[in-house]
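Here is a set of short questions and answers on one protein model. Keep the structure open as you read.

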Amino acid sequence: MICPEEILALDASDPLAAKRNEFCLPEQTIYLDGNSLGPLPKGVKEAVADAVQNQWGQDLISSWNKHGWIDLATQVGEQIAPLVGASRGQVICCDSISINLFKLISSALQLNPERQIVLSQQDNFPTDLYMVQGLTSLLGAERCQLKSVTTEQLVDAIDESVAVLLLTHVNFRDGQRHDMQALTRLAHDKGVLVVWDLAHSAGAMPLSLDQHNVDFAVGCGYKYLNGGPGAPAFLYVAARHQRAIKQPLQGWMGHQTPFQFDPDYQAAEGVQQFLAGTPNILSLVALNAALAVFADVDMQHVRAKSIALAEVFIQQLSQSDCTNEFTICTPLDAPQRGSQIALAHPYAYAITQALIDRGIVADFRAPNLVRFGLTPLYTRYQDIWRTVQVLSEIMQTKRYLDKKYQTRQKVT
Ligand SMILES: *Cc1c(COP(=O)(O)O)cnc(C)c1O
């Protein structure tokens, strides 16, 4: 076993240690669910209070100009851009991932009009697949057809029949991470455009969308970016495509001159045309303030710590009494995984509930996974150490068999 002294030494030499202080974290809670809902950064409280009390409360509608509400979607997009390796003018913050996927997949299909297949993975996040299925109902199978394959079949399936490759960079269940650069290159070699879903990547690791020549991407505001429940998502459109496409959700905020109230749609220049309706200002204010946490963070440090936290977890688990009860579904090879650990067990739901009861917040993913999100900005090595200790105890005492842990709630 790694001894407690070693763990404390890791925390003491952690270059990100001070970041923990920038978050509101309840006492006695180890929060390993920041990959699902990031915790509240302290600065967000004030920013939202100011937006409500002073901006909305006092300045009312003049706030659109006076407090820059009208440019907030663009401004927050530009704040996210460096986190995903994008230069200016390519990222905007709006709507949800689902809605942004609709815009981007439609746009990508326009660029490849001779082909209709959208290639994805069977175990992709369901909303990604649902959006393609919805587009098929709308456009017809001759314009949009979903082909979803297993991870093993993926590389061979990228061929000249495919219009768009739609992948999630880090799988939400098992945390497996794709090689974005290699797959993007392979896709381009076959004339395929790529749409990457960065829900479990943005804010968790360095990304290089420009450098890897990515065409389109979407990402999440409320997971690793800590923007709060229902925070707007973001989308990325490579500058080279922006003139050639027209996204179909032509709302007034994506118009060239929204306040001319022109009866005919004229798309705004650049990534601005990907806005549809009025932005959610309060949520944007929260996300904007949450992103300040990243201002002085080196994403290489975040990735290095994420890997180290996972190594501690895996090593501790493999030496604990309960190791044989679980299957570790996350790849053990660090470059192949994202920032989470997923353990399979037939009683995964009850085990998760028993952990939560002990102050360790993990989550359950059907059918049989206990998922631990490793978020390096506020998770300490000692938290991981304690998590494995408690898990081992729960398994040894079989406390998870208690009846109260068996009832499933609406959100797991
Ligand atoms: C969380 C998540 C989403 C969420 O989509 P919304 O439309 O923003 O709710 C989408 N894709 C993946 C891969 C996710 O993990």
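Q: Is strand E8 enclosed or open to its surroundings?
A: E8 covers residues 193-197. Helices (H or I, at least four residues) and strands (E, at least two) are DSSP runs, numbered from the N terminus. Buried means under 20% relative accessible area, exposed over 50%, partly exposed in between (1.4 Å probe, protein chains only). Five of the five residues of E8 are buried, so this strand is largely enclosed by the rest of the structure.

Q: What kind of model is this, and how are its residues numbered?
A: The model is predicted: local features need pLDDT of at least 70, side-chain atom pairs count only at pLDDT 80 or more, and totals for chains, interfaces and linings use all residues. Side-chain values use heavy atoms, with hydrogens and water left out, and residues are numbered from 1 along each chain as its sequence is written.

Q: Which residues of E8 lie on each face?
A: In a regular strand the side chains alternate between the two faces of the sheet. Both faces of E8 are covered, and the residues on each are buried. One side has Leu193, Val195 and Asp197; the other has Val194 and Trp196.

Q: How is E7 connected to E8, and what is the handedness of the crossover?
A: Strand E7 (residues 162-168) pairs with E8 in the parallel sense over five bridges; two strands pair if DSSP finds at least two bridges between them. The chain runs from E7 through helix H8 (residues 180-189) to E8. A crossover is right-handed if, with the strands pointing away from the viewer, the path from the first strand over the helix to the second runs clockwise. This β-α-β crossover is right-handed.

Q: Which residue in E9 is the bridge partner of Asp197?
A: E8 also pairs with strand E9 (residues 216-219), in the parallel sense over three bridges. In E9, the partner of Asp197 is Val218.

Q: What is the geometry of the aromatic pair Phe259 and Phe261?
A: Rings of Phe, Tyr and Trp (its six-membered ring) pair if their centres lie within 6.5 Å; planes under 30 degrees apart count as stacked, over 60 as edge-to-face and the rest as tilted. Phe259 and Phe261 are both exposed, and they form one aromatic cluster with Trp252. The centres of Phe259 and Phe261 are 5.5 Å apart, with 85 degrees between the planes: edge-to-face.

Q: How does the span of helix H10 agree with its number of residues?
A: H10 has 20 residues (299-318). The expected span is 1.5 Å times one less than the number of residues, which gives 28 Å for H10. The end C-alpha atoms are 28 Å apart, so the two agree at 28 Å.

Q: Which strands stand at the edges of the open sheet?
A: Four strands form this sheet in the order E11-E12-E15-E14, with antiparallel pairing. Each edge strand has a single partner, so one side of each is left without a neighbour in the sheet. The edge strands are E11 and E14.

Q: Which residue in E15 stands opposite Ile341?
A: E12 and E15 pair in the antiparallel sense over five bridges. Ile341 is one of the buried residues of E12. Opposite Ile341 in E15 stands Phe372.

Q: Which residues are in contact with Arg399?
A: Arg399 lies in the segment after H12 and is partly exposed at 29% relative accessibility. Contact means heavy atoms within 4.5 Å. Leaving aside neighbours within four places in sequence, Arg399 is in contact with Arg358, Glu393, Ile394 and Tyr405.
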